[in-house]
Amino acid sequence: MTWLIWRQHRTEVCVLGLLVGMFGIALLVLGTQAHDLFPGGPARCAGEAGINEDCAASFRRLDEEYGYIENLLAGFYLVPVVIGAFLGAPLLARELEDGTWQLAWTQAVPRMRWLAAKLAALAGVTVTLTALFTAVLTWFRQPFDAWEGRFQYDAFDVEGLVPVAYALFAFGVATAAGAILRRSLPAFGVAFGAFLAARMSVALLARPAYATPLTTMEPVPVGGSKDQAGHRPAPSFADWMIEHGYADATGRRLSGTEYYELEGAANRAGTNLNQFLHARGIQQFEVYHPADRFWTFQLIEAALFVAVAAVLIGVVVWRVRRRMI
Amino acid sequence: MTATEFALRTDGVGKRYRRGWALRDCTLALPAGGVIALVGPNGAGKTTLLRLVVGLLAPSTGTVEVLGHDVTASTPQTLSRVGFLAQDHPLYKRFTVAEMLRFGRACNLRFDQGLAERRLAKLDIPLDRRAGTLSGGQQAQVALALALAKRPDLLVLDEPVASLDPLARHEFLQVLMGAVAEGGVTVLFSSHVVHELERVCDHLVVLNHGRVTLTGDIDTLLAEHRLLVGPRTATDLDRAGTVVEAVHSDRHTTLLVRDGAIPAAPGWQAQPVALEDLVLAYLRRPSEPSAAVTSGVAA
């Protein structure tokens, strides 16, 4: 079986391995240079951008010289779906479209053993390749994370555990779609669509609700301009801001129109906006997830996608076992 | 007769797909040894029946027993005793012929590599060519060599020659019959072509509209059936229920009768019937649930 699986899937494995290797080495080379900007390690400069002179300089150079790569990295959130779907789609679909399932399952290897070996081998390759790539990417992003935190979409979604879970999810969708549609290419398309839809809805709707966010509420400070009002003591740069705005003295949140009415009134009165708001007991509130929830959120999201992948693989196993294909 | 003397036994087997029943109420007992032909028009359920026999499909009703074992168990031992050649003889197109043989070796308990290589060498099929670049006839031969290298006790072939040109068809049947002559293997194959069957087959199963309409040893079936030709008559001649088909021309009536019924009246002549005419007569009969005719299983 080992030889057969390798012979049948070596093209996909080699192409993916080559791509992961190329991008991985490029990131390692560039990442080494970016890390060299921080003699004490990027973690030491976390949150020091506005305070420590050296750190500020390092972050400025990082932005100037490597900022463009960070923007490109966002594209790498497709890496898990490419790996998972590319390996999963042909697993059953290619046998079904070429008719070779009739050849494969009439040899002396029972179909369930055949399926188990294929699923284990290809899911293993999916996990290995994605984990390798994610490890490099997570390391590469360290300086950027020290600057921006790890909860932004371009960090959380490509670091840690979740990319591997996304890849397994894509693998499961592609395999199940291949078993049902009996064609590789449509199965790949379905996996891609399902990946984008599931990832987007989970990131936007489900992820903020993994835990109850914290809320801070404090009066608008008298002094300083409106910009400096953005200096918040409680949530730091690395926290995940869900929502922020103004509330009245009782804590009732103000709508946009209400705030603009106050702003207009302040302008008409010719007074400083902050003083105007302070005088009326207006408060600032912030709803956020603290940065130390990163790994909890990673675990929850990874478990979610792995569970869906397991269900999909279960459907495939059930169909093959019941000889529905 | 013990169970293992049957190559194949089915009991009330039916298979329903989402669009309806492909096979209904199929009860067969086919003896081991010799060549069994499964005949029927396209869409009669031949492929479904063969896939049930090799365990690729599970029956919706009934049981399928191959060489004395329930096929749905699918143990390596039972799988290795049955060789299967699917319609259009699928191969891994990107594999070389040598890699196809390695596939056979890797996936079977017993695999006679030497036998397969000798067969392919005799047919001048190079081992280093990719399977997808071979001609249709050569691909069929590679698939057959793979199936025979398992040294199966039962070899099942689904329309093995339907897609081949006459020359390749002839060569294929020659190799197949050579393997049968070497002994030990029971061959079950499907075909929608009836002629030539008489020469190569011992046993016949006629399938129509998902039901078995005729099954039996070919010699016995031919001995049991007679064509009766006499003056045209419109009266009901099927008093004994032995008339399979009545054909009326301007002046004559031709009856196909079973059970060797003798001419009913003076002026009637009895003639032997050709296998093809016999099969066609049964295929033309309207399908009824209880129409299956069984003959000579234990003969």
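**Note on the two-chain model**

1. A:Trp295 sits in helix H12 of chain A, which covers residues 294–321. The model is a predicted one. A:Trp295 is exposed, because just 11 other C-beta atoms lie within 10 Å, and the exposed class takes 12 or fewer. Set A:Trp295 against A:Ile83: the two are 212 residues apart in sequence. In space, their C-alpha atoms are 24 Å apart.

2. Next, the domains of chain A. The assignment splits chain A into two. Domain 1 is written as 2–210 + 293–321, and domain 2 as 214–292. The C-alpha centres of these two domains of chain A are separated by 40 Å. Their contact draws eight residues from domain 1 of chain A and 10 residues from domain 2 of chain A. On the domain 1 side of that contact in chain A, the classes are four nonpolar, two polar and two charged residues.

3. Overall form of chain A. The radius of gyration of chain A is 26 Å, whereas a compact globule of 325 residues would have one near 20 Å. The C-alpha trace of chain A spans about 85 × 45 × 30 Å along its principal axes. Of the 325 residues in chain A, 35% count as buried. Chain A holds 12 helices and three strands. Take the contacts in chain A between residues at least 6 apart in sequence: 82% of them join residues at least 24 apart.

4. Chain B also has two assigned domains. Domain 1 of chain B runs over 3–218, and domain 2 of chain B over 226–272. The distance between their C-alpha centres is 38 Å.

5. Which residues of strand E8 of chain B are buried? The strand covers residues 186–191, and six of its six residues are buried. B:Thr186, B:Leu188 and B:Ser190 point one way from E8(B). B:Val187, B:Phe189 and B:Ser191 point the other way. Both sets are buried.

6. E8(B) has strand partners. With strand E3 of chain B (residues 35–39), E8(B) pairs in the parallel sense over five bridges. In register terms, B:Leu38 stands opposite B:Ser190. With strand E7 of chain B (residues 154–157), the pairing of E8(B) is parallel and runs over four bridges. Here B:Val156 has B:Leu188 as its bridge partner. The chain gets from E7(B) to E8(B) through helix H6 of chain B, residues 166–182. This β-α-β crossover is right-handed. B:Leu188 and B:Ser190, the partners named on E8(B), point one way from the strand together with B:Thr186.

7. Now the interface between the chains. How many residues of chain B are in contact with chain A? There are 23 from chain B, and they meet 18 residues of chain A. Three elements of chain B each give two or more residues to this side: helix H2 (76–80), strand E6 (82–85) and helix H3 (97–106). H3(B) gives the most, with four residues. By class, the chain B side that touches chain A has 15 nonpolar, four polar and four charged residues.

Note on methods
Residues numbered from 1 in each chain as written. Chains lettered and ligands numbered in written order. Predicted model: local features only at pLDDT ≥ 70, side-chain atom pairs only at ≥ 80, totals over all residues. Domains from an automatic or database assignment. Contact = placed C-beta atoms within 7 Å. Nonpolar A, V, L, I, M, F, W, Y, C, P; charged D, E, K, R; others polar. Rg over C-alpha atoms; globule rule 2.2 N^0.38 Å. Buried ≥ 20, exposed ≤ 12 C-beta atoms within 10 Å, placed from the backbone. Pairing = 2+ DSSP bridges. Right-handed = clockwise from strand over helix to strand, strands pointing away.
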